[in-house]
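Welcome! Take a moment to turn the model around on your screen, and then we will walk through it together, step by step.

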Amino acid sequence: MSQSRRLRRANGMKTPAVRKAVNSDTPLNALYALIPESRRKALDRFLRLFRKSTDDLYKALEKERK
């Protein structure tokens, strides 16, 4: 089993959950909710690679909720 697949399974991001999140009315918020608290720092580092801040992410999440 590949490393990424193993991590997805360990983190609860199984295919049905991801598919349901993507097809929801607020996919960004639904996908964000699937990320466990223990992996949020990794997400912050990932955002910085694209010169985005966590504030940008939270603004996008809030905008989608409206």
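Following the protein chain along its sequence, you meet the pattern α-α-α-α-α. In other words, the chain has 5 helices and 0 strands. Please keep in mind that you are looking at a predicted model.

Let us begin with the chain as a whole. It has 66 residues, and 15% of them count as buried. The surface that the chain exposes comes to about 5500 Å², with carbon and sulfur atoms supplying 54% of that area. What about contacts that link distant parts of the sequence? Among contacts with a separation of 6 or more, 37% join residues that are 24 or more positions apart.

Next, see how the helices pack. Two packed helices are described by the angle between their axes and the distance between the axes. Start with helix H2, residues 15-22, and H3: their axes lie 7 Å apart and make an angle of about 155 degrees. An angle over 145 degrees counts as roughly antiparallel, so H2 is roughly antiparallel to H3. On the H2 side, the contact is made by Ala17, Val18, Ala21 and Val22, while H3 brings Pro27, Ala30, Leu31 and Leu34. Sorted by class, this contact has 8 nonpolar residues, no polar ones and no charged ones.

Helix H3, which spans residues 27-34, also packs with H5; here the angle is about 125 degrees and the axes are 8 Å apart. H3 and H5 are therefore oblique to each other. Which residues meet here? From H3 come Pro27, Leu28, Asn29 and Tyr32, and from H5 come Leu57, Tyr58, Ala60, Leu61, Glu64 and Arg65. By class, the contact of H3 with H5 has 7 nonpolar, 1 polar and 2 charged residues.

Now for the inside of the model. Which residues make up the largest nonpolar core? There are 6 in all: Tyr32, Ile35, Leu43, Leu47, Leu57 and Leu61. At least two residues of this core come from H4, and at least two from helix H5, which covers residues 54-65.

Leu43 is a good member of this core to zoom in on. You will find Leu43 in helix H4, which runs over residues 40-49. Is Leu43 buried or exposed? Its relative accessible area is 18%, and buried means under 20%, so Leu43 is buried. If you set aside the neighbours within four places in sequence, Leu43 is in contact with Tyr32, Ile35 and Leu57. Take the pair of Leu43 and Tyr32: they are 11 residues apart in sequence, and their C-alpha atoms are 9.8 Å apart in space.

Ile35, another core residue, sits in the loop between H3 and H4. Ile35 is buried as well, because its relative accessible area is 18%. Again leaving aside neighbours within four places in sequence, Ile35 is in contact with Arg40 and Leu43.

For a contrast, move on to Arg51, in the loop between H4 and H5. With a relative accessible area of 80%, Arg51 is exposed, because the cut-off for that word is over 50%. Its backbone deserves a look too: Arg51 has a positive phi of about 55 degrees although it is not a glycine.

Key. Residues are numbered from 1 along each chain as its sequence is written. This is a predicted model: local features need pLDDT of at least 70, side-chain atom pairs count only at pLDDT 80 or more; totals for chains, interfaces and linings use all residues. Side-chain values use heavy atoms; hydrogens and water are left out. Helices (H or I, at least four residues) and strands (E, at least two) are DSSP runs, numbered from the N terminus. Buried means under 20% relative accessible area, exposed over 50%, partly exposed in between (1.4 Å probe, protein chains only). Contact means heavy atoms within 4.5 Å. A nonpolar core is a set of buried Ala, Val, Leu, Ile, Met, Phe, Trp, Tyr and Cys residues joined through side-chain atoms within 4.5 Å. Axes are lines fitted to C-alpha atoms, for helices over the stretch in contact, and angles run from 0 to 180 degrees between N-to-C directions. Angles under 35 degrees count as roughly parallel, over 145 as roughly antiparallel, 65 to 115 as roughly perpendicular and the rest as oblique. Ala, Val, Leu, Ile, Met, Phe, Trp, Tyr, Cys and Pro count as nonpolar, Asp, Glu, Lys and Arg as charged, and the others, Gly among them, as polar. Accessible areas come from the Shrake-Rupley method with a 1.4 Å probe; for residues, only the protein chains shown count as cover.
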